[in-house]
Amino acid sequence: MAQFDYDLFTIGAGSGGVRASRVSASFGAKVAVAEERYLGGTCVNVGCIPKKLLVYASHYGEDFDDLAGYGWSAGERRFDWATLIANKDKEISRLNGVYRKILGDAGVELFESRAEVVDAHTVAIDGKQITAKYILIAVGSWPTVPKFPGSEHAMTSNEAFYLPALPEKVIVVGGGYIGVEFAGIFHGLGAQTTQLYRGELFLRGFDGDIRKTLADEMRKRGVDLRFKTDIVKIEKNGGVLKATLTDGNVIEAKQILYATGRGSKTPNLGLENAGVQLKDNGAVVVDEYSKSTVDSIYAIGDCTDRMMLTPVAIAEGMALANTLFNNQPTKPSYLNVPTAVFSSPNCGTVGLTEEQARARNLKIDVYRSSFKPLKHTLTGRDERTMMKLIVDQTNDKVLGCHMVGAEAGEIVQGLAVALNCGATKAQFDMTIGVHPSAAEEFVTMRTKLA
Ligand SMILES: Cc1cc2nc3c(=O)[nH]c(=O)nc-3n(C[C@H](O)[C@H](O)[C@H](O)COP(=O)(O)OP(=O)(O)OC[C@H]3O[C@@H](n4cnc5c(N)ncnc54)[C@H](O)[C@@H]3O)c2cc1C
């Protein structure tokens, strides 16, 4: 008789949970996964994928503006939100099916219900108790809205993906990448868009030149960006929301989106009963192998608040499967994790920012280039692309690459490989560029900033 019902019981079939479950099963483990809401988790249903589809949709607006310089003319411009959302939903349900198949093919048993932890080896689900040698917490995160008068009228990114209509006026609150991306989406689709952020400049933690360049570009496009500004109250009058700001101004909108933070989805999960330690913000405390303070309970992905990104959750899931069921204890690597902001225009970044390098007292050279993209020489659009390299003076290693411009997210992926290989500036310089492209600028920057 086996001591436990399963070798691994995973709570949450999102990016991390699905990867950990199916790879563990491929190593011969008997695995079950519980999912209470949607297969594929945040990324597939209310995160990366639907967001990127909406970003694509929003870019067509610019293409209409730009086509005349290339000799094209188009008929009446019309956008139908309902068509976009219906098509997006169709694609998401296809992806839900793909995830179901992936788990089934791997021999992972799926419980489509909420699971809670009872003790170090037991979960409760559907009124039953199930035992497992290891329990994996992969419950993800959830958007949070601060409490203030009228905050109940605000929506989060979850609802934004299912709005019945495109709001003609919208306020986006928050300066993280989700807020910036939604401001670009709404603006690009034709909504009058205001973005508020209580700090000096949005995208805290990104390189200063990315933050400044993107703010300039968004303003040029017509987004009403207001920094050092927050909402103190929201009043609802019929179908209109009235937001009173910290500077006393009042602005009206049809919808107000709060993208001011996400919290781990750990409340009421029974973790405290099992003795699992949580941080003040609810994140599960884990060691470098994703083990919680209870030996048989592990946690990966957003609920550990390490780096809230899909590829990171997947890498943590993969490392965990290797550690527990492949005899290869593996620590996930967080070295040079590239990220993109799918704003208009995109930002891409990998490695140290100039500010981080200086805070570490590193001796650095900084290379920066700002230019009008070739495409816009004919469109007349006043847009600049910015690229930047941070180089260690002592060994010539490239420590960081940063870009604002078309396809920055695509370009930075290859640069992340170079940084992980320890590429030097001299090696960047000896690499032949792809011409004509924006990316070639990364291998042709020769003048250090003073
Ligand atoms: C708007 C938005 C845009 C984003 N864009 C990007 C992007 O462009 N690139 C990127 O890398 N990342 C992006 N992210 C972040 C990314 O979606 C997350 O980092 C990733 O989904 C985390 O994976 P996870 O496995 O930790 O959690 P999730 O994918 O959230 O999965 C957790 C799952 O657990 C389930 N669950 C929770 N509690 C229980 C329970 N008690 N019982 C059963 N099931 C439970 C949930 O229903 C959910 O399906 C975005 C996020 C948002 C919100």
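Which side chains meet in a salt bridge at 2.7 Å, N to O? They are those of aspartate 105 and lysine 101. The model is a predicted one. Both residues lie in helix H4, which covers residues 81–106. They sit 4 residues apart, about one turn of the helix. An α-helix has 3.6 residues a turn, so residues three or four places apart point the same way. Both aspartate 105 and lysine 101 are exposed.

Helix H10, residues 354–359, holds a pair with that spacing too: glutamate 354 and arginine 358 are 4 residues apart, about one helical turn. Their side chains form a salt bridge at 3.0 Å, N to O. Buried or exposed? Glutamate 354 has a relative accessible area of 16%, under the 20% limit, so this residue counts as buried. Arginine 358 is partly exposed, at 43% relative accessibility.

Other salt bridges reach across the sequence. Aspartate 65 pairs with arginine 381, and their closest N and O atoms are 3.8 Å apart. Aspartate 65 belongs to helix H3 (residues 48–66), while arginine 381 is in the loop between H11 and strand S20 (385–392). The pair therefore ties together parts that are 316 residues apart in sequence. Aspartate 65 is partly exposed, with a relative accessible area of 47%. Arginine 381 is buried, at 14%. A network of salt bridges links Glu62, Glu217, Lys220, Arg221, Asp382 and Glu383. The search of the whole structure finds 30 salt bridges.

Now to helix H11, residues 375–379, where leucine 378 lies. This leucine is partly exposed, with 48% relative accessibility. Leu378 joins Tyr70 and Trp72 in a nonpolar patch on the surface. Together the three have about 380 Å² of accessible area.

Helix H6 comes next. How far apart should the ends of its 13 residues, 177–189, be? At 1.5 Å a residue, the helix should span 18 Å, and its end C-alpha atoms are 18 Å apart, so the two values agree. Many of its residues are named as buried, including Gly179, Val180, Phe182, Ile185 and Leu189. Glu181 is buried as well. Tyrosine 177 is also in H6. At 30% relative accessibility, tyrosine 177 counts as partly exposed. The C-alpha atom of tyrosine 177 is 12 Å from that of tyrosine 258, although 81 residues separate the two along the chain. After H6 comes glycine 190, with a positive phi near 115°.

Next, the strands. Strands of a sheet pair through backbone hydrogen bonds, either parallel or antiparallel. One open sheet has 4 strands in the order S10-S9-S8-S14, paired in parallel. Strands S10 (224–227) and S14 (255–258) stand at the edges. Each has a single partner strand, so one side of each is left without a neighbour in the sheet. On average, neighbouring strands here are turned by 15° against each other, direction ignored. Strand S9, residues 192–197, is joined to S10 by 4 bridges. Within that pairing, glutamine 195 stands opposite leucine 225 of S10.

An antiparallel pair is found elsewhere in the sequence. Strand S4 (residues 115–119) is joined to strand S5 (residues 122–125) by 4 bridges, and the two run antiparallel. They form a hairpin with 2 residues between them. Valine 117 has valine 123 in S5 as its bridge partner.

Note on methods. Residues are numbered from 1 along each chain as its sequence is written. This is a predicted model: local features need pLDDT of at least 70, side-chain atom pairs count only at pLDDT 80 or more; totals for chains, interfaces and linings use all residues. Side-chain values use heavy atoms; hydrogens and water are left out. The expected span of a helix is 1.5 Å times one less than its number of residues. Buried means under 20% relative accessible area, exposed over 50%, partly exposed in between (1.4 Å probe, protein chains only). Patches are made of residues with over 30% relative accessible area and no salt bridge: like charges are joined within 9 Å, nonpolar side chains (Val, Leu, Ile, Met, Phe, Trp, Tyr) within 5 Å. Accessible areas come from the Shrake-Rupley method with a 1.4 Å probe; for residues, only the protein chains shown count as cover. A salt bridge is a side-chain nitrogen of Lys or Arg within 4 Å of a carboxyl oxygen of Asp or Glu. Two strands pair if DSSP finds at least two bridges between them. Axes are lines fitted to C-alpha atoms, for helices over the stretch in contact, and angles run from 0 to 180 degrees between N-to-C directions.
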